[in-house]
Amino acid sequence: MQSMESLNPQTLGRWVGWSMVATLVIGFSSAFLIADGIDINLSADVKATAQNMLEAELRLRAKAYIAALTFALDGLVGIGLFLLLRRSGQLLSAWCLLVSIAAAILSLLGAIFALNAAEIAGDPAYQNIANETQRLMLAGLQATSDYTSFHLGLVLSSFAMAGFFFLFLKSALIPRLIAGWGLFASLFVGVTIVARDFIPILGQEAVTAAFMISNLVGIIATSIYLSIYGVRTDPKAAS
């Protein structure tokens, strides 16, 4: 069995990069082709989302299994980043791995809530024990639970990625511009999501768009660089 010390950093970096690319592709495809109208994280209208969920059993099940696949990819990315960066900071990289796994588990709860909603939408038993208003309320609770678990997971994953980007910046295994931007964007996301619960003005759409775009740029740049180049073999020579 191959030991962690014998892993090729270049190969490992490319695995991480392609896993990040796959996560992005699957996420965007799911958002546009499957989750439209049934994902509360794409819409602020709880009632409309709950109503759509009651008419979308198959899409809810597809959304759940896609979330499970994304969980597996997130786990691969977290473990890969830990293996790449542990020499630059064992304690911080281990903390980032632990927090990233916790974040992935919270996001995976969305799959459970989607399957719950699919059962409410498709199981005739719910039509017998609850009227339409009650079924709508049950679906709304699943949507709300999905929203809270997703955003808490996003906060945790953002701080975990901030730690990983800090180690990339310290080690120069990727260009410092990418690492620095990723660190800024990750902190921007995590801090803003927490702060907007206490400072309502930060909940405006423009602020949300700003931190999501900033984070997306950082993730895309990192995933593309890693998938093509892996990590630098001579970080000391990096500018």
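Ala 172 counts as buried, its relative accessibility being 1%, in a model that is predicted. This residue is placed in the loop between helix 6 and helix 7, the latter spanning residues 176–195. The backbone of Ala 172 has a phi near 60 degrees, which is a positive value in a residue other than glycine. In general, most residues other than glycine have a negative phi.

The protein as a whole has a secondary structure of 8 helices and 0 strands, and, read from the N terminus on, its elements follow the order α-α-α-α-α-α-α-α. Its radius of gyration is 20 Å, close to the 18 Å given by the globule rule for 239 residues, and the protein is therefore as compact as a globular protein of that length. Taken along the principal axes, the box filled by the C-alpha atoms is roughly 70 × 50 × 30 Å. Of the 239 residues, 44% count as buried, while the accessible surface of the protein comes to about 12,700 Å², with 69% of this area belonging to carbon and sulfur atoms. When contacts between residues at least 6 apart in sequence are considered, 76% of them join residues that are at least 24 apart.

With respect to internal space, the structure holds 1 cavity of 30 Å³ or more, and the volume of the largest cavity is about 50 Å³. Helix 3 (57–85), helix 4 (90–122) and helix 6 (132–171) each supply at least two residues of its lining. The residues that line the largest cavity are Ile 38, Ile 40, Met 53, Leu 60, Lys 63, Gly 110, Phe 113, Ala 114, Gln 142, Ala 143 and Asp 146. Divided by class, this lining has 7 nonpolar, 2 polar and 2 charged residues.

Among the lining residues of the largest cavity is Asp 146, whose place is in helix 6. Asp 146 has a relative accessible area of 7% and is therefore buried, the cut-off for this class being under 20%. Leaving aside residues up to four places away in sequence, Asp 146 touches Asp 39, Ile 40, Asn 41, Lys 63, Gly 110 and Phe 113. Several of these partners, including Ile 40, Lys 63, Gly 110 and Phe 113, also appear in the lining of the largest cavity.

Helix 6 also contains Thr 148, for which the relative accessible area is 45%, so that this residue is partly exposed. Thr 148 and Leu 109 are separated by 39 residues in sequence, and the distance between them in space, from C-alpha to C-alpha, is 10.0 Å. In helix 6, then, Asp 146 is buried, whereas Thr 148 is partly exposed.

A further buried position is found in helix 8, which covers residues 205–229 and includes Ser 223. The relative accessible area of Ser 223 is 1%, and this residue is therefore buried. Apart from residues up to four places away in sequence, Ser 223 touches Gly 17, Met 20, Val 21 and Leu 24. Ser 223 in helix 8 and Ala 172 in the loop between helix 6 and helix 7 thus provide examples of buried residues, with relative accessibility of 1% for Ser 223 and of 1% for Ala 172.

How values were computed:
Residues numbered from 1 in each chain as written. Predicted model: local features only at pLDDT ≥ 70, side-chain atom pairs only at ≥ 80, totals over all residues. Heavy atoms only, no water. 1 Å grid on protein atoms, 1.4 Å probe; cavity = no way out; pocket = protein on both sides within 12 Å on 5 of 7 lines; lining within 4 Å. Points joined across faces, edges and corners; volume = space filled by probe spheres on them. Helix = DSSP H or I, 4+ residues; strand = E, 2+ residues; numbered from the N terminus. Nonpolar A, V, L, I, M, F, W, Y, C, P; charged D, E, K, R; others polar. Rg over C-alpha atoms; globule rule 2.2 N^0.38 Å. Buried < 20%, exposed > 50% of the residue type's maximum accessible area, 1.4 Å probe, protein only. Contact = heavy atoms within 4.5 Å. Areas by Shrake-Rupley, 256 points an atom, 1.4 Å probe, with all protein chains shown as cover.
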